[in-house]
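User: Please take a close look at one part of this structure, namely the surroundings of a single core residue, and then set that part in its wider context.

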Amino acid sequence: MLKANNLLRGKLVITGFGIQLGRHLTRRVESELDKADVVLAMMDDFSLTWLKGKYPALIDLSLLYGKDGEKDRRQTYREMELAILEPLRAGKNVCAIFYGHPGVFADVPHAAIKQAREEGYEAIMEPAISADACLYADLGLDPGMSGLQSYEATQFLVYQRPLDPSALVVLWQIGVVGDLTCTQFHTYSDRVQALVTKLLRWYEPEHEVILYEAAVLPIEGHREERLPLSELPNASFKTITTLVIPPKLEWLADHEALASLGVTEDALL
């Protein structure tokens, strides 16, 4: 890898559009877009159309997706990475903008930055408003109050991951839970049931959960559907649907740790 003072010509900036159309786009991101020789974007259709109005030469990365069930998304991600790196290697200043936060549930931005830096190019990521930031605001939840466990739904389902029901639990991408082929964009109720069956190790069937979707358009409201855990397989889902599980149990004091501090349980708030 080249030293920082010997970087190649060309710069890569990975930015985020935020969640809500137009409202979450920061001045910093707009500045990077304005300075770029090449702009690439990966986002929903409404946001893409809006952004193309400002940057007509924008390259739509979503065109690299195949039809549902025909193309492995991991292949698409590598093609997106190449599409970002090619103009950079040609000495261009490249800005790639992604829906939400470019570093959250986004394989391509991290991979492109890593590869660019390894090749000796300057590459940075600018933060943006993410779905979890919207979730805390819309649902009135503070992850600092109970603690937070956050997992991708399929990863949680197929691996032995710990779960603390006394903490807030967030499972992302529940709409495609159980898809190990990376080719599908719709929900199968039997796979949701498999997730429910696993969650029943910690929760009762009647434990209330929340299906959440952030508002994409300023004229929309967010989705906040509360239902018993056992009813999840019958619910409707999108690829952006998130499962939020409120805490079930009160915390138990760690008396050994308290003793090491020279205090008793009475000192706890």
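Analyst: Leaving aside neighbours within four places in sequence, Leu195 is in contact with Ala153, Phe156, Leu157, Leu171, Ile174, Val177 and Leu243, where contact means heavy atoms within 4.5 Å. The model is predicted: local features need pLDDT of at least 70, side-chain atom pairs count only at pLDDT 80 or more, and totals for chains, interfaces and linings use all residues. Residues are numbered from 1 along each chain as its sequence is written, and side-chain values use heavy atoms, with hydrogens and water left out.

Leu195 is among the residues with the most contacts inside the largest nonpolar core, which has 23 residues; the others are Leu171, Ile174, Leu199, Leu232, Leu243 and Ile245. A nonpolar core is a set of buried Ala, Val, Leu, Ile, Met, Phe, Trp, Tyr and Cys residues joined through side-chain atoms within 4.5 Å, and buried means under 20% relative accessible area (1.4 Å probe, protein chains only). Two or more residues each come from helix H7 (153-158), strand E7 (168-172), helix H8 (189-199), strand E8 (208-213) and strand E10 (242-245). These elements are DSSP runs numbered from the N terminus: helices (H or I) of at least four residues and strands (E) of at least two. H8 gives the largest share of this core, four residues.

A second, separate core has 19 residues, including Leu85, Leu88, Phe98 and Ile113.

Elsewhere, five strands form an open parallel sheet in the order E3-E2-E4-E1-E5; two strands pair if DSSP finds at least two bridges between them. Its edge strands, E3 (59-60) and E5 (122-125), each pair on one side only.

How values were computed. Buried means under 20% relative accessible area, exposed over 50%, partly exposed in between (1.4 Å probe, protein chains only).
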